[in-house]
Amino acid sequence: MPLIRETFLAHDSSDPLRSFRDEFILPDGVIYLDGNSLGAMPRVARQRIETLVSKEWAQDLITSWNTNGWFDLPTRIGAKIARLIGARDDEVLVTDSTGINLYKLLSMALDLRPDRKVILMEGSNFPTDNYIAQGLVRQLGRGHEVRFAERDNFAAHITPEIAVVALTQVHYKTGHVYDMNEITERTHKAGALMCWDLCHSAGALPVDLGAAKADFAVGCGYKYLNGGPGAPAFLYAAKRHLDKAIQPLTGWWSHDDPFAFEHDYRPARDIRQLMSGTQPILSLGALETGIDMMLRADMTLIREKSMALGDMFIALMSEYCAEYGFSLISPKEATIRGSQVAFSHPHGYAIMKALIEARIIGDFRAPDIMRFGLTPLYTRYQDVWDAVQGIKAVMDRKLWQNPRFATRESVT
Ligand SMILES: *Cc1c(COP(=O)(O)O)cnc(C)c1O
C-alpha cells in the first residue's frame, strides 16, 4: 500500500459503510477523533428531539407517557441494545449512568455470593467504576474488599475468594481488549460472577454476552452509540439472576406495579426491577436515534474498518512522526485493540491542545496519553491520513510550545 493521500481516498470510495457519514452532523473542516468520548450527532436526533419537545411535551403533555410510549422507552431501547451485545431482549435496560448501574449490579452480585467478600477489578480501569465499588463496600459495611490486579496477571487473581469480577472489556487508555469468553469462563470456574463494562465495546466491536455466559454488564450511551451528551447508560442482567436478587435502589419504577402505589415495596419480577425512578425522556429519545442507526450497520464491517483505520494510523505515525518521541501504548495487533489508538508523549497535553486548535480533535488522559478514537460510521480513511499529517505539522513547526497550550482546562 503506497502511503499517499490518494490511497486513502480510494479506500473511502470503496468503503461499504461510507453512506453513514452523511447521516451525522459534523462541522466543516474538523477531523473528529473523539467518538470514544462523545459520539457525533445523528441528523435525525435533531428531528426526534424537536418532535419530543414541540409535540409530545408541549402539546400531548402527560398523556405522552401512554400515547407516545414514554413509559416503555427504557425497555424498548434496552431490547434494541440487546441485539448489539448478544443478549435477550428482556435482559437489557436503558437507565441512569454507567456508574449507578454498576452499583446496582455489584450489589446484586454480592448478595448472590453471600459467603465471599472480594470484588476483583483492574486498578488502572476508568476510575469511576473503581470508586463506585469502593463506595458500595463502604456503604454495605459487611467487611467486603475491592481488590485490584492488572492485565499482566489478572487471571491469576481470579480465585475462590472472589465474589464478582468487574472488568472493562476495552481499556479506556490503551484500548487493550480482554478475551470475554476466556475471563468469564475462568471466573465461573472459580465460582464467582462476571460483570463486564462495555463502555468502549458497545457499538465498537461485536459483543456476545450470551455466548460468554456473562452474568452482568453495563455500558455507556454517549460514546460509540452516539446517544448524545450525558445519554442514559444501559445494563444487562442474565435472566437466570433476575428472580434471585434485587438491586438496592428500590424506587417506584422498579416496583412490580408502580401505579398501584402500594404501601410497601414489591420488586418487579423482570428487568424493570433494575430501574429506580422517572427517566430522562428527551435524552432517551436522542439515544434511540443513535441505536437505530447502529442497528442498520453491519457490526462485522464496523470492526473490520475500525481495525484497518487503527493499523493505518499506527503505520502513518511510524512513517511520518517517528522522530518526535511518541510511544504507541495501544496493542499493535488489531484483533486485541479496541476502536482507538493511543500514544504517550511527555508533552501530550500541549500537543493535543495544539491539534485541537488545528481542528484535529482527540483527547488527553493524564498523565501523558493522547487518544484518537476511530468511529467507522463517520471516520474516513482520509481523516487518518490528514490527522497524522496534522500531527507532523504541529511537531515540525513546534506549534505545541506556545505557552497558551500549557494550562489545563477542567475537561481534557
Ligand atoms: C466512559 C466510562 C464510564 C462513564 O461513566 P458515567 O457513569 O457515565 O460517568 C464508566 N466506565 C468506563 C470504563 C468508561 O469508559
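Here, Ala, Val, Leu, Ile, Met, Phe, Trp, Tyr, Cys and Pro count as nonpolar, Asp, Glu, Lys and Arg as charged, and the others, Gly among them, as polar. With that in hand, the shell around the ligand splits into 4 nonpolar, 6 polar and 3 charged residues. The model you are looking at is predicted, and this briefing walks through its ligand site and then its empty spaces. The two topics meet, since the space taken by the ligand is the largest pocket.

**Who surrounds the ligand**

- There are 13 residues around the ligand, and those that come nearest are G99, D129, H200, Y222 and K223.
- Two elements each give two or more residues to this shell: helix 5, spanning 98-112, and helix 6, spanning 127-140.

**Polar contacts to the ligand**

- K223 places a polar side-chain atom 2.6 Å from an oxygen atom of the ligand.
- Y222 has a side-chain N or O atom 2.9 Å from an oxygen atom of the ligand.
- D129 pairs with a nitrogen atom of the ligand instead, with a polar side-chain atom 2.8 Å away.
- As for cover, the ligand taken alone exposes 390 Å², and the protein buries 86% of that.

**The largest pocket**

- The volume of the largest pocket is about 550 Å³.
- Its lining counts 34 residues, and S37, D363, R365, R371 and V411 are the ones nearest the centre of the pocket.
- At least two lining residues come from each of helix 5, helix 6, helix 11 (348-357) and strand 14 (363-365).
- Helix 11 is the top contributor to this lining, giving 4 residues.
- Sorted by class, the pocket lining holds 13 nonpolar, 11 polar and 10 charged residues.
- If you are tracing the ligand shell in the viewer, helix 5 and helix 6 are good names to keep in mind: they supply two or more residues to the shell and at least two to the pocket lining.

**Enclosed cavities**

- The model has 3 cavities of 30 Å³ or more.
- The largest cavity has a volume of about 60 Å³.
- Around the largest cavity you will find G203, Y224, N226, M294, I302, T375, P376, L377 and Y378.
- By class, the lining of this cavity has 6 nonpolar and 3 polar residues, with no charged residues, whereas the lining of the largest pocket includes 10 charged residues.

How values were computed: Residues are numbered from 1 along each chain as its sequence is written. This is a predicted model: local features need pLDDT of at least 70, side-chain atom pairs count only at pLDDT 80 or more; totals for chains, interfaces and linings use all residues. Side-chain values use heavy atoms; hydrogens and water are left out. A residue is near a molecule or strand if one of its heavy atoms lies within 4 Å of it. A polar contact is a pair of N or O atoms within 3.5 Å; within protein, one must be able to donate a hydrogen and the other to accept it, and residues adjacent in sequence count only if both atoms are side-chain atoms. Accessible areas come from the Shrake-Rupley method with a 1.4 Å probe; for residues, only the protein chains shown count as cover. On a 1 Å grid over the protein atoms alone, a cavity is a set of points where a 1.4 Å probe fits but cannot get out, and a pocket is an open set with protein on both sides within 12 Å along at least five of seven lines; lining residues have an atom within 4 Å of a point. A molecule sits in a cavity or pocket if more than half of its atoms lie within 2 Å of its grid points. Grid points are joined across faces, edges and corners, and a volume is the space filled by probe spheres set on the points.
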